[in-house]
2 protein chains.
Amino acid sequence: MLEHVSLPEAVGRALRHRILNNELPAETRLVEANLAAEFGVSRGTIRDAMRSLQAEGLIAIVPRRYSVVTRMSQEDAEDVCFARCALEDASVEGGFGPHRKELAKALRLALDHMSIAARTDDLDALVASDTQFHELIIEVSGRRRLKDLWSMLNSQMGALMRSEIERQGIGLDDAVERHRGILDAVANGDLPRLRKELRDHYLTGFGDA
Amino acid sequence: MLEHVSLPEAVGRALRHRILNNELPAETRLVEANLAAEFGVSRGTIRDAMRSLQAEGLIAIVPRRYSVVTRMSQEDAEDVCFARCALEDASVEGGFGPHRKELAKALRLALDHMSIAARTDDLDALVASDTQFHELIIEVSGRRRLKDLWSMLNSQMGALMRSEIERQGIGLDDAVERHRGILDAVANGDLPRLRKELRDHYLTGFGDA
DNA sequence: TCATCGTTGATTGTCGACAATGGGACGACG
DNA sequence: CGTCGTCCCATTGTCGACAATCAACGATGA
């Protein structure tokens, strides 16, 4: 084992995966004892994992009562997109950073990955490469806290993408194409356009992808 | 007791207070067993509280090793300010919300509180009213996630203010005056100016207040 | 002398058990 | 028939004990 994954982290991942794949739909109650038994760990471990999921906005914990998988309203979705957009916009407002060419190259690579994922109908891979794409943007500023805040929205963003796509709101290819403008703006070194593209990407129609 | 404060929450508050008041200076190691004994609670409770502090950025937890009070570098300070500025700017970019007059009034009230706190050398009250002031700004958009993210930076912002002021970097009155421009912009309904004032407030000289 | 390796002590990670809470079922009372 | 109070149960909150981990130290052998 190269990387130590603590027990709570492993449980967190498993639960996160289930929620994102709708194996645990919204409003599902999460009972510590049940999960503990299922995973073969103690309730404390489950509690720990649930805290993380709460921080990510995937579940809501009502003290002394219960925990429940969060339901995302339309407003929530816009909310998440708006916040992500604000963070990414702030990240680039000072320019492209010292390596614009490399950034463009990395973005293009991520976009290629997305494209492949779209053609193979691999939703997991699509979400992953989308995250990677935007991660490059949020890292432009080099500011740690900007990325920390951004990361907190990752899970919800992923959930949002999946539900949008599965509802056939948008096709996989369409999802990929919506990133093209961002890449172009970076490739051309056109900062105002980049910021406009980001806004379009996050705030129009609705939903990321 | 009107409001239920769970044990971990109470412990968290106590520790937060100590850290912000430098009773637990940066680099201090936090040993679960010691704190558990001191507070008369179990280690699990302490662990829980420490998770919160970690999320707020006040302590760092190195798995399987130790927990330590975070030291904020100059870069960290700028980082926090930058992120807060980005969030508050995003909050107002769509306008003042439906009740600009009331907002201005509330801001003025908060500013008065700050002023009083400054005159009575009440650092706690100053930080509290500063938080309140900016909270009004971040609530303009009515977007929950924007405020959630903003809130995560609250503790660090408080720590930052205190250390800046105690180092005599700026006087208490000066700290109050730096908010005037923001209030004026709101009072005059001058959105571009408001956004400029926010940037000045957070990004010039350095440090909030 | 120096590198290696087991030992040791301090600390965190995990667990199972018990206590406390709050909702809902059920029955008494008006 | 509706309301209130009591009891019970499911579930979370808290605890103390044991296991695992890791750095520091010292012993061992070349």
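Start by selecting DNA strand C and what surrounds it: of 21 residues there, A:Leu7, A:Val41, A:Ser42, A:Thr45 and B:Glu32 come nearest. A residue is near a molecule or strand if its C-beta atom, placed from the backbone, lies within 6 Å of it. Bear in mind that this is a predicted model, where local features need pLDDT of at least 70, side-chain atom pairs count only at pLDDT 80 or more, and totals for chains, interfaces and linings use all residues. Residues are numbered from 1 along each chain as its sequence is written, while chains are lettered from A and ligands numbered from 1 in the order in which they are written.

Next, colour that surface by residue class. You'll get seven nonpolar, seven polar and seven charged residues; Ala, Val, Leu, Ile, Met, Phe, Trp, Tyr, Cys and Pro count as nonpolar, Asp, Glu, Lys and Arg as charged, and the others, Gly among them, as polar.

Now pick helix 3 (43-55) of chain A, one of the elements supplying at least two residues. Its share, three residues, is the largest. (Helices are DSSP runs of H or I, at least four residues, and strands are runs of E, at least two, numbered from the N terminus.)

Over in chain B, go to strand 3 (66-69), which also supplies at least two residues of the surface. Strand 1 (residues 29-30) of chain B runs antiparallel to strand 3, joined by two bridges; two strands pair if DSSP finds at least two bridges between them. Look for B:Arg29 opposite B:Val68.

Finally, show strand 2 (residues 59-62) of chain B, antiparallel to strand 3 over four bridges. B:Val62 has B:Tyr66 as its bridge partner. Three residues separate these two strands in a hairpin, and B:Arg64 in the turn has a positive phi of about 65 degrees.
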